[in-house]
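Reader: I have just opened this one and would like to go through it slowly. Please spell out the terms as we go.

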Amino acid sequence: MMGPKRSRDGEMKEEKLGRADQAASPFMPMFEGFRTELDQHHDRRERIIKASRDITAASKKIIFTLQRVRTLGQPVPPFVVKGNAQYWETIENQYQNIAADVQGLNAFRYPQITGGNQEFMEALSFHHYLETQTLISYDESKERVAKMSGEAGPVLLTPEDYILGIFDMVGELMRFSITAMATNGKLPAGKPKKESQVKQEGKEQESADKMDVDEQTPATTRTEEPRTVLSDLRALRLQLEMFEPGGGKFGADVRKKADVMRECVDKVEKALYGLTVRGTERPKGWVPEVREERRPEVESY
Amino acid sequence: MSAPSGMIDPAIFEGLQSKVDEDTTVRDELKDIVQALEKQNRNISFVLSRAHSTPFADLPNVLKASEEPIQNAIETVSKLAQAASKQPYYKFNQMWSRQVQDALQGILFWAWLGGKDYDGNEPKCGCLLTLEELGETLKVPTNLKDQDKFHITIEEYLLALTSMVEELTRLARNAVTLGDYERPLLINQFVKDVFAGFQILNLKNDILRRKSDGLKYRVKDVEDVVYDLSLRNLVPKKQQ
């Protein structure tokens, strides 16, 4: 193998020998300029790959902690806030580290960041869902990343990153539901709307139980039934299936993830069915038979 | 309507859908131009490949015949530049990078044969267009850093250069077949000079690295030709 160093040494020796046919290549100055720029490019790319990896790892840890939450539609408990603080900070630092590398012309140059972006999106949307029981919007997510990127300018979160992250978030909602059903024996649901809370403070439990049986039971009272995770999952599924990704790599990624997403919703529906049919027979602590299949990793662009 | 209200603001997915649809429209527009360029590249290489079977004395005919396809490619690249500059450069550049490289390679080879600024006399072989000169020929900017517009990148230039070296390696052998013992020497020196340049680059494990790794075999191929010639005393004397 001929390393660059050897060639430079060799070149110098040749110059000393002064042999006409072995004189330094006339193209050398040009290639030296290329070398400098390619080195800068590779440095940037390396930083971004590393940041993407670190963001991915930190996001996974955030998600892991979030899976221990048992409530919906209210601020996550203090242990989660405390436990995850360092990871949010890691992510922020990583975005700041690479912000300068992805400005202007280079905004789309390093697609290697997409892996980190998607995983972050998954963590962010899951966290957001647990607290508000709503789907975080693309604009808000994009803004969030931009804010974390600091003064050098925003790191771009593309619509593709967002969508693919949301697909993965469905998997987290599935796990969240299954775990809740296994430990509490019911599907997590949000709090009833304020109005109903005031009127039927004491009936909250009852209405939640009803929801477990069939969350589509038409509301008999004026009060709105709280939404369950399953109804939210179905709403998500509906939107994601309506979405047309077009062709190319993104289209392929979406189709792959769409299959996994459908399976996830199915799993929750099956688990709920099981709970409904043999709910009372179920010994406490029995876990529904759902294999924890992780989605196939879709590699970054 | 079947989606329970509250979970998802429908505007989210409407917005995303329209963003993705816009990109699809851009892709379609670019695709047409890129396909046109691909066809013109084929025309260029069709004409220039005659250099392999044309004695040096008749080379001007090849150069003349190549003018039109090259001009066509230049125009298409300008059109591509115009359309592409409306978008962030690196968002779509993988759509055309390959075809632009092919066009660059054609023009590099054509210039090496003496086609650039050809005055009708004996063509002067052996020149290497720099990235900037290529940009001038194609009438597009090169190696931009501060502007997010269409341009030719260093990588595209270097990749085209490796393909051009392959073409020259072929030419070295074919020149001998045609009884031309001078061009292999010229090619030998040229290929070595290019190879020396590539050796000082710190390449990562990517396409450029693979292509540049292949150069040493091309150097060897051409050296073999020169060796065969010198062994048989066929090397023109004044060159030594």
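Reader: Is B:Glu167 buried or exposed?
Author: At 17% relative accessibility, B:Glu167 counts as buried; buried means under 20% relative accessible area, exposed means over 50%, and partly exposed lies in between, with a 1.4 Å probe and protein chains only. Please keep in mind that this is a predicted model, in which local features need pLDDT of at least 70 and side-chain atom pairs count only at pLDDT 80 or more, while totals for chains, interfaces and linings use all residues, and that side-chain values use heavy atoms, leaving out hydrogens and water. Residues are numbered from 1 along each chain as its sequence is written, and chains are lettered from A and ligands numbered from 1 in the order in which they are written.

Reader: Which residue forms a salt bridge with B:Glu167?
Author: The partner is B:Arg170, with the closest N and O atoms 3.6 Å apart; a salt bridge here is a side-chain nitrogen of Lys or Arg within 4 Å of a carboxyl oxygen of Asp or Glu. B:Arg170 is partly exposed, at 39% relative accessibility. Both residues lie in helix 6 of chain B, 3 residues apart, which is about one turn of the helix.

Reader: And what counts as a helix?
Author: Helices (H or I, at least four residues) and strands (E, at least two) are DSSP runs, numbered from the N terminus.

Reader: How many helices and strands are there in chain B, then?
Author: Chain B has 9 helices and 0 strands, and 51% of its 240 residues count as buried.

Reader: Back to salt bridges: how many does the structure hold over all chains?
Author: There are 26 over all chains. One of them joins A:Glu119 and A:Lys60, at 3.6 Å from N to O, and this pair links distant parts of the chain, since A:Glu119 is in helix 4 (residues 114–132) of chain A and A:Lys60 in helix 2 of chain A, 59 residues apart. A:Glu119 is buried, with a relative accessible area of 5%, whereas A:Lys60 is partly exposed at 35%.

Reader: How many salt bridges go across the interface of chain A and chain B?
Author: The rule finds 3 there, and the side chains of A:Glu46 and B:Lys204 also meet in a salt bridge, at 3.9 Å from N to O.

Reader: What area is buried between chain A and chain B?
Author: About 4400 Å², of which carbon and sulfur atoms give 70%; buried area is the accessible area (1.4 Å probe) that two parts lose on being put together, summed over both. On the chain A side, A:Phe31, A:Leu105 and A:Phe108 lose the most area to chain B, together 17% of what that side buries. The contact (heavy atoms within 4.5 Å) takes 52 residues from chain A and 48 residues from chain B.

Reader: Changing topic, how many aromatic pairs does the structure hold?
Author: It holds 14 over all chains; rings of Phe, Tyr and Trp (its six-membered ring) pair if their centres lie within 6.5 Å, and planes under 30 degrees apart count as stacked, over 60 as edge-to-face and the rest as tilted. Among them is the edge-to-face pair of A:Phe34 and B:Tyr157, with 5.7 Å centre to centre and 65° between the planes.

Reader: Why does that pair join two chains?
Author: A:Phe34 lies in helix 2 (residues 28–66) of chain A and B:Tyr157 in helix 6 (residues 154–177) of chain B, so the pair joins two chains. A:Phe34 is buried at 6%, and B:Tyr157 is buried at 0%. Together with A:Phe31 and B:Phe198, A:Phe34 and B:Tyr157 form one aromatic cluster.
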